[in-house]
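Visitor: I am new to this structure. Please take me through one part of it closely, and then set that part in its surroundings.

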Amino acid sequence: MRIGQGIDIHAFGPGDHVVLGGVRIAHERGIVAHSDGDVVIHALCDALLGALAQGDIGRHFPPTDERWRGADSREFLRRCRTLMHERGHVLGNADVTIVCERPKIAPHAEAMRANLAADLACEPARVSIKATTSERLGFCGRGEGIAALAVVLLVPATAGQ
Ligand code: MG
């Protein structure tokens, strides 16, 4: 088995929605990012790459590469799934925590789980999405940005799902 962890942070900026776990959520602010700024998927990709000892998301999908401008981060996740499968692993489970005061995450958590499970070729029961505020402390608490943390466990494909 292999374990990996990932973290991602993006600043809020002008806009009318955020994308989290592949779900577009109406919000009075947007995310400043080269891609769609999906911190959930970026943290999850880094956790998967970490578990595989394959570097980080910046190495695989560099922001300097025009191919990834405005990219749908779900494509990053599907590419990480391919790397995982090529190395003989499948997802045992993933646990993601989103840190923000707003938007409210709970109403969208099931849709995020469904997206992530589809991209990782597993059942939603293996994917956890949860959220916390930071009690108005720090950049998340002041509403300046949003963070996500992810932990994954990969298991040998031969162990079955
Ligand atoms: Mg990011």
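Guide: What follows starts at the metal site and then widens to the whole chain.

This is a predicted model, in which local features need pLDDT of at least 70, side-chain atom pairs count only at pLDDT 80 or more, and totals for chains, interfaces and linings use all residues. Residues are numbered from 1 along each chain as its sequence is written, and side-chain values use heavy atoms, with hydrogens and water left out.

Start with the magnesium ion. Asp8 (OD), Asp8 (OD), His10 (NE2) and His42 (ND1) coordinate the magnesium ion, at 2.2 to 2.7 Å. Donors here are N, O and S atoms within 2.8 Å of the metal (3.2 Å for Na, K and Ca); water is not among the atoms, so sites may look incomplete. Along the chain, the donors are spaced as D-x1-H-x31-H. The pair His10 and His42 links distant parts of the chain, 32 residues apart. His10 sits in strand β1 (residues 2–13), and His42 in helix α1 (residues 39–51). Helices (H or I, at least four residues) and strands (E, at least two) are DSSP runs, numbered from the N terminus.

Are these two histidines buried or exposed? His10 is buried, because its relative accessible area is 16%. His42 is buried too, at 6%. Buried means under 20% relative accessible area, exposed over 50%, and partly exposed in between (1.4 Å probe, protein chains only).

Now a loop. Ala71 lies between α2 (57–60) and α3 (73–86). Ala71 counts as buried, because its relative accessibility is 10%. Set aside its neighbours within four places in sequence, and Ala71 is in contact (heavy atoms within 4.5 Å) with His34, Ser35, Asp36 and Phe76. Ala71 and Ile129 are 58 residues apart in sequence. Their C-alpha atoms are 22 Å apart in space.

Step back to the whole protein. It has 5 helices and 7 strands. Read along the sequence, they follow the pattern β-β-β-β-α-α-α-β-α-β-α-β. Of the 161 residues, 50% count as buried. Take the contacts between residues at least 6 apart in sequence: 70% of them join residues at least 24 apart. The C-alpha atoms fill a box of roughly 45 × 35 × 25 Å, taken along the principal axes.
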